[in-house]
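Biologist: Can you walk me through this one? I'd like to go through the spaces inside, then the strands and the cysteines.

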Amino acid sequence: MTTAQIISGKQVSDDIRQNLKTEVEALAAQGCVPGLAVVLVGEDPASQVYVRNKAKACEDLGFYSEVHRLEADTPQEELLALVHKLNEQDNINGILVQLPLPGHIEEKAVINAIAPEKDVDGFHPVNVGNLVIGDDSLLPCTPAGVIELIKHTGLEISGKHAVVIGRSNIVGKPVALLLQRENATVTMCHSRTSNMKELTRQADILVVAVGRANFVDASYIKPGAVVIDVGINRLETGKLAGDVDFESASSVSGPITPVPGGVGPMTITMLMKNTLVAAKRAHGLS
Ligand code: NAP
């Protein structure tokens, strides 16, 4: 049985949402209601669930929201025209086009069409560039959620050695940049890293975003290290599994996130936070 502290993403997420709700009420009294537009192309079942959850979060927090559902064979030009229209809409502060998109649509073209100040996913090259150079930007949601969870443990990130396994544009790279911004010393591992356990065993903070069920076990972990598992993998049994073998890892780790109930709940919460930030900026409020 684990004695490690389990980091509840649900609890952290609920606390942040409560604060957001209070702030939205105060802003609404000044005539500023944050607005989010979510665009779904096609009928991917997982995407439909995500979109429904985003619309519900908006409703719960008092945001204005629009959901645009387009047919799977919608031409790219039509999707781009919708994005341009939303860019011009004053009641919309955040635009999220649910990924993945059908094969005939170029994701990059769609992401690049979103006005950077409304890019609440934080994927636009302007926001990515600002993150790299340390300027204000809308932060990608899952990586921002990872940082919130680490901070929640009470660990001072500054000066710690953080190891990130995975270097994707949506998780690994931005997590590493954000940890560096918090003054951690960061090592990134990927599929060509030859001495991975040697590196991960030095980590005070280990973030795992590999996309392989139960990839990391106790043998990768320094005793007491904070372990954040970003992975969401569907097993043949239908159950969800993280990239970390929780039973094994938690026998040596310090605070550790479960799957489900760890990083997952944070992503939509950080999306709401980004939309609020975008709304405040649009209204000239800091
Ligand atoms: P991805 O684009 O497939 O990237 C996986 C990364 O892991 C790559 O950088 C890859 O290295 C590395 N990798 C693969 N096999 C490896 C190995 N044997 N040893 C070391 N590194 C290895 O995946 P992703 O989009 O970053 O997502 C990662 C996981 O997070 C997935 O399970 C995904 O479902 C989950 N996720 C969760 C959320 C959430 O809200 N909680 C959000 C996004 C993603 P190379 O670069 O060398 O190929």
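Biologist: How many cavities of 30 Å³ or more are there?

Modeller: The count comes to one cavity of that size. Keep in mind that this is a predicted model.

Biologist: What volume does the largest cavity have?

Modeller: About 70 Å³.

Biologist: Which residues line the largest cavity?

Modeller: The lining consists of I95, L96, V97, L99, V110, I111, I114, D119, D121 and F123. Two elements, β3 and α4, give two or more residues each. The largest share is from β3, with three residues.

Biologist: And how does that lining divide into nonpolar, polar and charged?

Modeller: Eight residues are nonpolar and two are charged. No polar residue is in that lining.

Biologist: OK, on to pockets. What is the volume of the largest pocket?

Modeller: The largest pocket comes to about 1400 Å³. Its lining has 50 residues. Nearest the centre of this pocket are Y50, T142, I232, G264 and T267.

Biologist: Which element gives the most to the lining of the largest pocket?

Modeller: That is α2, with nine residues. At least two lining residues each are supplied by α1 (9-29), α2 (45-61), β3 (94-97), α6 (141-152) and α10 (264-282). So β3 turns up here and in the lining of the largest cavity.

Biologist: What classes of residue are in the lining of the largest pocket?

Modeller: There are 26 nonpolar residues. The polar and charged classes have twelve each.

Biologist: Back up a step. Which domains does the chain have?

Modeller: The assignment gives domain 1 (31-115) and domain 2 (141-264). Their centres, taken over C-alpha atoms, are 29 Å apart.

Biologist: How many residues does the lining of the largest pocket draw from each domain?

Modeller: At least three from domain 1 and at least three from domain 2.

Biologist: Now the second largest pocket. How much space lies in there?

Modeller: About 390 Å³. It is lined by 16 residues, and I111, F123, V128, N169 and I170 are the closest to its centre. I111 and F123 also line the largest cavity.

Biologist: Which elements give two or more residues to the lining of that second pocket?

Modeller: These are α4 (107-113), α5 (125-133) and α7 (172-181). The largest share, four residues, comes from α4. By class, the lining has ten nonpolar, three polar and three charged residues.

Biologist: Where does the second largest pocket lie with respect to the domains?

Modeller: Between them, because domain 1 and domain 2 both give residues to its lining.

Biologist: Switching to strands. Are the side chains on the two faces of β6 buried or exposed?

Modeller: Strand β6 (residues 205-208) is covered on both faces. I205 and V207 are buried on one side. L206 and V208 are buried on the other. In general, side chains in a regular strand alternate between the two faces of the sheet.

Biologist: Which way does β6 pair with β4, parallel or antiparallel?

Modeller: Parallel, over four bridges, with β4 spanning residues 161-165. One bridge puts A162 opposite I205 of β6.

Biologist: And what about β6 with β7?

Modeller: β6 and β7 (residues 226-229) pair in the parallel sense over four bridges. L206 has V227 in β7 as its bridge partner.

Biologist: Cysteines next. How many disulfides does the count come to?

Modeller: Zero. C32 is in no disulfide, and the nearest cysteine sulfur, that of C58, is 14 Å away. C141 is in no disulfide either, with the sulfur of C58 nearest at 12 Å.

Biologist: Why do C32 and C141 count as buried?

Modeller: The cut-off for buried is under 20% relative accessible area. C32 has 1% relative accessibility, so it counts as buried. C141 has 5% relative accessibility, so C141 counts as buried too.

Biologist: Last one. Where is G62 placed?

Modeller: G62 is in the loop between α2 and β2 (64-70). Its relative accessibility is 39%, so G62 counts as partly exposed.

Biologist: How many Å separate G62 and P223?

Modeller: Their C-alpha atoms are 43 Å apart, and the two residues are 161 residues apart along the chain.

Notes
Residues numbered from 1 in each chain as written. Predicted model: local features only at pLDDT ≥ 70, side-chain atom pairs only at ≥ 80, totals over all residues. Heavy atoms only, no water. Domains from an automatic or database assignment. 1 Å grid on protein atoms, 1.4 Å probe; cavity = no way out; pocket = protein on both sides within 12 Å on 5 of 7 lines; lining within 4 Å. Points joined across faces, edges and corners; volume = space filled by probe spheres on them. Nonpolar A, V, L, I, M, F, W, Y, C, P; charged D, E, K, R; others polar. Disulfide = S-S within 2.5 Å. Buried < 20%, exposed > 50% of the residue type's maximum accessible area, 1.4 Å probe, protein only. Pairing = 2+ DSSP bridges.
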